Amino acid sequence: MTRAFLVVIDSVGCGGAPDAGAFFSDGMPDTGANTLAHIAHACAAGAAENGRTGLLNLHNLDNLGLGAAIRLASGEAAPGLGAAPQGLWGAATETSPGKDTPSGHWELAGVPVPWDWHYFPRELPAFPEALLAETRSLAGTDGTLGNCHASGTEIIAQLGEEHLRTGWPILYTSADSVFQIAAHEQAFGLDRLLRLCEAIAPRLHAMRVGRVIARPFVGSPETGFARTQNRHDYAIAPPAPTLCDWVQGAGRRVQAIGKIGDIFSMRGIDELRKGSDADLMEHWVALMDEAPEGSLTFANFVEFDSLYGHRRDVAGYARALEWFDAQLPRVFDRMRPGDLILITADHGNDPTWPGTDHTRERVPVLGAGLGPRAVGLVAFADVAASIAAHLDVPAQGPGRSFL
C-alpha cells in the first residue's frame with residue numbers, strides 16, 4: 001500500500017494565470033504578477049539582502065522542477081532556478097472565482113467553488129449595522145472597534161490600547177472574504193474570543209463570507225502588541241465531499257498539518273497538528289515516520305503568505321523559501337517505497353506587487369517519489385484526482401489524474 005503527502009506552501013505562485021486581468025490588487029490588475037520569479041529577480045539584483053544574500057537558493061525544489069514549472073506557467077525564467085527536473089513537475093490553473101485560501105485549497109482537494117464570495121466594501125464602517133449589532137450582543141459589549149479594512153498587525157498597534165480600556169473587540173477585514181475579530185488573550189479572554197467567533201460564524205457563512213478568523217494578541221501599550229499562535233479560522237464548509245472525505249470514506253486515515261483543519265471545518269480529518277511553520281515542519285518530519293500505510297497527510301505552511309507576502313517583504317519571503325527548501329532532505333530521507341509527495345500552492349502573493357492582496361497566479365506542482373515526469377499545465381482539481389489515484393480510492397469532482 002502507498003502513502004500520499006500533499007503540501008501547500010501558501011501563496012507561492014508562479015505567474016501566468018490566464019484570467020489575472022480580472023483580479024485586482026490596490027486597483028491594479030494582477031496581469032504579470034509572479035511571486036517566485038519576481039522574488040528570484042530581486043535576489044539576483046541584490047534587492048533582497050536582509051538576512052540572506054545572493055541568488056535565490058532553492059536547490060531541492062529546483063531539482064524537482066521548480067524553475068521549469070515557472071517557465072511553463074508564465075514563460076519567465078527565474079534567476080538561479082534552472083536545474084533539469086528530476087521529479088514530477090508542472091503548473092496548475094485555478095477556475096474558482098477567487099484568489100483566497102478556501103477557494104485554492106478546496107479546488108486542490110477536488111471541489112471548485114460554485115459561488116461568488118462576499119467581500120466587504122472599502123468604506124467606513126465596512127460592515128452593516130445589523131452585523132455590528134449582533135456582534136455587540138454576542139460579545140456583551142456596548143461597541144466595537146475598527147470596523148474597517150486593515151492590516152492585522154497595524155490595527156492592533158493602533159487600537160490595542162483602546163481595546164484594553166473599553167473591552168470592545170476589534171473588527172476588520174481585508175481583500176479576502178473574511179471577518180476578523182482581534183482581542184487580547186488575557187484582558188478579553190481567549191476562550192471568550194473563540195466563542196464569539198464561533199457564534200457569529202453562521203451569520204457570515206450565510207452571507208457567503210468564507211471565514212471568520214479569531215485573532216488573539218498579547219502585550220501592552222508600553223511593550224507593544226503581538227499576535228499569538230492561537231488564531232482559529234471558522235470557515236464555511238465545502239459544498240461537496242473533498243479529497244479528505246474520499247480518503248476517509250475509503251477507510252483510510254487523514255492527518256492534517258497547520259490551517260487544513262480550519263479550512264475544511266475538520267471534515268474528513270482524523271488528526272490535526274498545528275503551530276508555527278517551524279513546528280509544522282517538525283510535524284511533517286514526524287509523520288513521514290508515523291503516518292500509516294494508505295493514509296493522506298495534508299499540510300499548509302502559511303507564513304510565506306501571512307508574514308511576508310501580505311507585508312510585501314521580499315527578503316523575508318526569500319528567507320522563508322530557502323528555509324523550507326533546506327528542510328526537504330529531512331523529509332525525502334524518510335520516504336518509503338510507494339510514497340508520493342506533492343508540493344503546490346493555493347494562489348499567489350507577489351511581494352513586489354502593489355497593495356497587500358493576494359495575486360491571481362498559476363501555482364507550481366512538484367512531486368517526489370515517482371521519478372522524472374513532466375505533467376504540463378493541469379487544473380487545481382487534478383491534484384486531488386491524482387492523489388486519489390495514487391492511493392487507489394474513488395475520486396469525485398471534475399479533476400483528472402495526471403499520474
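In the predicted model, the residues that line the second largest pocket divide into seven nonpolar, eight polar and 10 charged. This pocket has a volume of about 480 Å³, and of the 25 residues in its lining, R215, T228, Q229, R231 and V302 are the closest to its centre. Several secondary-structure elements contribute to this lining, with at least two residues supplied by each of α6, β8, β9 (224-227), α10 (277-290) and α11. Because residues of the lining of the second largest pocket come both from domain 1 (4-114 + 239-391) and from domain 2 (129-235), this pocket lies between the two domains.

The largest pocket holds about 610 Å³ of space. Its lining comprises 31 residues, among which A150, S151, S174, H310 and T356 lie nearest the centre of the pocket. Classified by side chain, the lining of the largest pocket has six nonpolar, 13 polar and 12 charged residues. At least two residues of this lining are supplied by each of α6 (152-166), β6 (170-173), β7 (178-184), β8 (211-220) and α11 (303-309), and each of domain 1 (4-114 + 239-391) and domain 2 (129-235) provides at least three residues to the lining of the largest pocket. The elements α6, β8 and α11 are thus named among the contributors to the largest pocket and also among those to the second largest pocket.

Enclosed space was examined next. The structure holds one cavity of 30 Å³ or more, and the volume of the largest cavity is about 40 Å³. The residues I9, V12, L36, L61, L66, I343, T344, P364 and L366 line the largest cavity, and by class they divide into eight nonpolar, one polar and no charged. Within this lining, β14 (340-344) and β15 (363-368) each supply at least two residues.

Strand β5 (residues 145-149) includes H149, a residue that is buried because its relative accessible area is 19%, under the 20% cut-off. Two backbone oxygens lie close to polar atoms of this side chain in the model: the side chain of H149 reaches the backbone oxygen of F120 at 2.8 Å, while the backbone oxygen of P121 lies 3.3 Å from a polar atom of the H149 side chain. The preceding residue in the numbering, C148, is likewise buried, with a relative accessible area of 14%.

The cysteines were considered with respect to covalent pairing. Zero disulfides are present in the structure. C14 takes part in no disulfide, the nearest cysteine sulfur being that of C43 at 17 Å, and C14 counts as buried, its relative accessibility being 0%. For C148, the closest cysteine sulfur is in C197, and the separation of 16 Å is too far for a bond, given that a disulfide is a pair of cysteine sulfur atoms within 2.5 Å.

Strand β8 also contains F217, which counts as buried at a relative accessibility of 0%. Although F217 and F188 are 29 residues apart along the chain, their C-alpha atoms are separated by 9.9 Å.

Two helices are mostly covered in the model. In helix α4 (residues 101-108), eight of the eight residues are buried, namely T101, P102, S103, G104, H105, W106, E107 and L108. The N-terminal end of α4 is capped by D100, a side-chain oxygen of which lies 2.9 Å from the backbone nitrogen of S103. Just after α4, G110 takes a positive phi of about 100°. In helix α13 (residues 380-391), 11 of the 12 residues are buried, and the buried set consists of F380, A381, D382, V383, A384, A385, S386, I387, A388, H390 and L391. Since an α-helix has 3.6 residues a turn, residues three or four places apart point the same way. Helix α13 is followed by D392, for which phi is positive, near 60°.

Conventions: Residues numbered from 1 in each chain as written. Predicted model: local features only at pLDDT ≥ 70, side-chain atom pairs only at ≥ 80, totals over all residues. Heavy atoms only, no water. 1 Å grid on protein atoms, 1.4 Å probe; cavity = no way out; pocket = protein on both sides within 12 Å on 5 of 7 lines; lining within 4 Å. Points joined across faces, edges and corners; volume = space filled by probe spheres on them. Helix = DSSP H or I, 4+ residues; strand = E, 2+ residues; numbered from the N terminus. Nonpolar A, V, L, I, M, F, W, Y, C, P; charged D, E, K, R; others polar. Domains from an automatic or database assignment. Buried < 20%, exposed > 50% of the residue type's maximum accessible area, 1.4 Å probe, protein only. Polar contact = N/O pair within 3.5 Å; in protein donor to acceptor, adjacent residues only side chain to side chain.
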